[in-house]
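Open the model in your viewer and keep the sequence panel beside it. The stops below say what to select and what is there.

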Amino acid sequence: MSRSFQIPSYRLHKSSGQAIVSVGGRDHYLGLHNTPESKQKYARLIQEWLASSRVVAASSSTGGVGSAGGLSIAIAVTINELTLAFWEHAKKYYVKDGGEPTGEQQAIRYSLRPLVKLYGDESASEFGPRKLKAVRQAMIGADLARTLINKRINRIRHVFKWGVENEMVSPVVLDALRAVAPLKQGRCEVRESEPVKPVEQELVNAVEPFVASQVWAMIRLQLLTAMRPGEVVTMRRGELDRSGKVWVYTPPAHKTAHRGHRRRIYLGPQAQATVLPFLARPDDAYLFSPIEAEKERRAEQAGGDATAPDGGNRIASSNKNRPPKSARTIGQRYTRDSYRRAITRGCDWAFPPVGDLAKKADETQTQYESRLTPEQSDQLKAWQDAHHWHPHQLRHNTATFLRQEFGVEAARLILGHRSVAVTELYAELDHAKAVEIIAKVG
């Protein structure tokens with residue numbers, strides 16, 4: 001985020017050997033120079049200064065409402081201790097039926113990092129709205145989107161709510177933190193996130209020769225069934241009911257399972273044909289295996305048949321143009337992240353930058369990035385934004401099609417939403433139909 005002012009610098013006070021920073025017209029001594037403790041104090045003082053419109057209170061540790069409104073309470077838990085205790089709870093609470101962590105665990109980890117970095121050694125009972133806004137300012141400085149920042153601040157508040165529940169934090173602290181209003185669109189200088197939109201079918205089709213047959217099958221299934229990425233990567237044979245004309249996939253773990261909702265995913269003839277080559281495995285095995293994909297890739301590199309024995313799709317037809325793979329452990333199944341990365345690599349190979357942005361054959365990635373000018377880096381990002389897509393967009397493709405062809409209620413049923421309002425967020429409005437109607441109305 002661009003600023004027209006200069007951030008006060010972290011300096012050495014030579015006569016005392018302490019770190020010092022001048023903020024708000026006065027010097028703040030931070031402790032011994034070049035120590036982690038003094039740098040932490042500097043970071044949180046600057047964030048408080050930024051969050052309070054560059055006005056700093058007399059002392060960054062003054063109580064106010066953050067110290068329970070002056071109440072004397074026998075609680076001496078630090079932020080570090082509170083977050084560590086909550087993390088032990090989160091590792092047991094935010095898990096799927098099989099014990100696998102949910103995505104919420106990672107979201108909590110990211111949310112707590114700036115809190116611990118700025119205030120880890122301070123008392124949790126002295127953490128108030130001004131300090132919460134300083135943590136939020138650190139997120140703004142990291143160029144996070146407004147909606148993501150609001151979600152992360154809510155997770156921090158939830159940690160304090162859990163602390164109140166377990167008598168680690170005074171309820172007064174939580175009440176004070178609730179006074180911090182969320183960032184509002186158009187009322188703050190924070191980046192807005194782009195809405196997720198469907199991806200053009202031409203961009204989807206272009207990656208087929210550059211991804212493994214397993215990845216292409218998952219892409220096809222998402223388009224045909226509106227599965228979430230997390231549902232398609234965890235699909236097992238034993239969870240697929242093939243007794244009827246339409247097959248039914250019932251994932252044991254899904255986004256709303258903790259609310260008691262049951263998710264059914266329906267596979268018609270095309271989806272069944274997509275799955276069929278991957279059914280020759282035990283009931284408890286994942287259908288789409290990155291280990292099998294790697295074996296097929298190596299077989300093709302060694303001059304083997306590029307077509308899988310079961311008749312599946314070809315793996316990349318241009319392996320010689322692929323970047324070398326780093327040593328890594330291959331899991332039994334794709335994760336949402338590895339699935340997304342496979343698609344991103346496919347987009348890179350299907351739509352390589354051209355002209356001055358093209359990567360030379362003898363260049364490493366580091367050499368390539370270092371020779372690009374700032375303007376070229378911006379051009380490269382624009383090129384990638386125009387030609388890259390991610391798996392969650394595929395669900396929006398199907399939602400839009402279902403809504404246009406069969407109505408919003410049918411789309412709600414297939415997508416597994418409890419509310420039509422949620423379905424509307426996924427389905428792009430039929431702009432062409434609206435234009436046609438208005439043209440006739442006059």
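With the whole chain selected, the accessible surface comes to about 24800 Å², and 52% of it belongs to carbon and sulfur atoms. This is a predicted model. Colour by secondary structure, and the chain shows 18 helices and six strands. Of its 442 residues, 40% are buried. Taking contacts between residues at least 6 apart in sequence, 63% join residues at least 24 apart.

**Stop 1: the sheet**

Select β1 (11-13), β2 (residues 18-23) and β3 (26-32). These three strands form an open sheet in the order β1-β2-β3, with antiparallel pairing. Which strands stand at the edges? They are β1 and β3; each has a single partner strand, so one side of each is left without a neighbour in the sheet. On average, neighbouring strands here are turned by 45° against each other, direction ignored.

Now zoom in on the first pair. β1 and β2 run antiparallel and are joined by three bridges. Within this pair, Leu12 stands opposite Ala19 in β2. The two strands make a hairpin with four residues between them, and Gly17 in the turn has a positive phi of about 75°.

Move on to the second pair. Six bridges link β2 and β3, again in the antiparallel sense. Label Val23 and Arg26 to see them opposite each other, with Arg26 in β3.

**Stop 2: from the sheet to α1**

Follow the chain out of β3 and select Asn34, which sits in the loop between β3 and α1. Its phi is near 65°, a positive value in a residue other than glycine. As background, most residues other than glycine have a negative phi.

Next select α1 (36-51). At 1.5 Å a residue its 16 residues should span 22 Å, and the end C-alpha atoms are 22 Å apart, so the two values agree. α1 packs on the sheet, where it touches β2 and β3, and its direction makes about 5° with that of β2. Show the side chains of α1: the buried residues include Tyr42, Leu45, Ile46, Trp49 and Leu50. Charged residues are on that list as well, among them Arg44 and Glu48. What covers the buried residues of α1? The cover includes β2, β3, α3 and α4.

**Stop 3: helix α3**

Select residues 103-119, which make up α3. This helix has 17 residues and reaches 25 Å from its first C-alpha to its last, close to the 24 Å expected at 1.5 Å a residue. Look along the helix for a kink of about 30° at Leu112, shortly before the proline Pro114. Both Leu112 and Pro114 are buried, and other buried residues of α3 include Gln105, Ile108, Ser111, Leu115 and Tyr119. To see what the buried residues of α3 pack against, add α1, α2 (79-93), α4 (129-141) and α5 (146-165) to the selection.

**Stop 4: the loops on either side of α6**

Go on to Glu167, in the loop between α5 and α6 (171-177). Its phi is near 55°, which is a positive value in a residue other than glycine. Is Glu167 buried or exposed? Its relative accessibility is 71%, so Glu167 counts as exposed, the cut-off being over 50%.

Then select Arg178, in the loop between α6 and α7 (201-206). Leaving aside neighbours within four places in sequence, Arg178 is in contact with Arg157 and Lys161. Draw a distance from the C-alpha of Arg178 to that of Pro129: the two are 8.1 Å apart in space and 49 residues apart in sequence.

**Stop 5: Glu239**

The last selection is Glu239, found in the loop between α9 (229-232) and β4 (240-241). With a relative accessibility of 16%, Glu239 counts as buried, because buried means under 20%. Which residues is Glu239 in contact with, leaving aside its neighbours within four places in sequence? They are Thr234, Val248, Tyr249, Thr250 and Pro252.

Technical notes:
Residues are numbered from 1 along each chain as its sequence is written. This is a predicted model: local features need pLDDT of at least 70, side-chain atom pairs count only at pLDDT 80 or more; totals for chains, interfaces and linings use all residues. Side-chain values use heavy atoms; hydrogens and water are left out. The expected span of a helix is 1.5 Å times one less than its number of residues. The bend at a residue is the angle between axes fitted to the seven residues ending there and the seven starting there. Buried means under 20% relative accessible area, exposed over 50%, partly exposed in between (1.4 Å probe, protein chains only). Contact means heavy atoms within 4.5 Å. Two strands pair if DSSP finds at least two bridges between them. Axes are lines fitted to C-alpha atoms, for helices over the stretch in contact, and angles run from 0 to 180 degrees between N-to-C directions. Accessible areas come from the Shrake-Rupley method with a 1.4 Å probe; for residues, only the protein chains shown count as cover.
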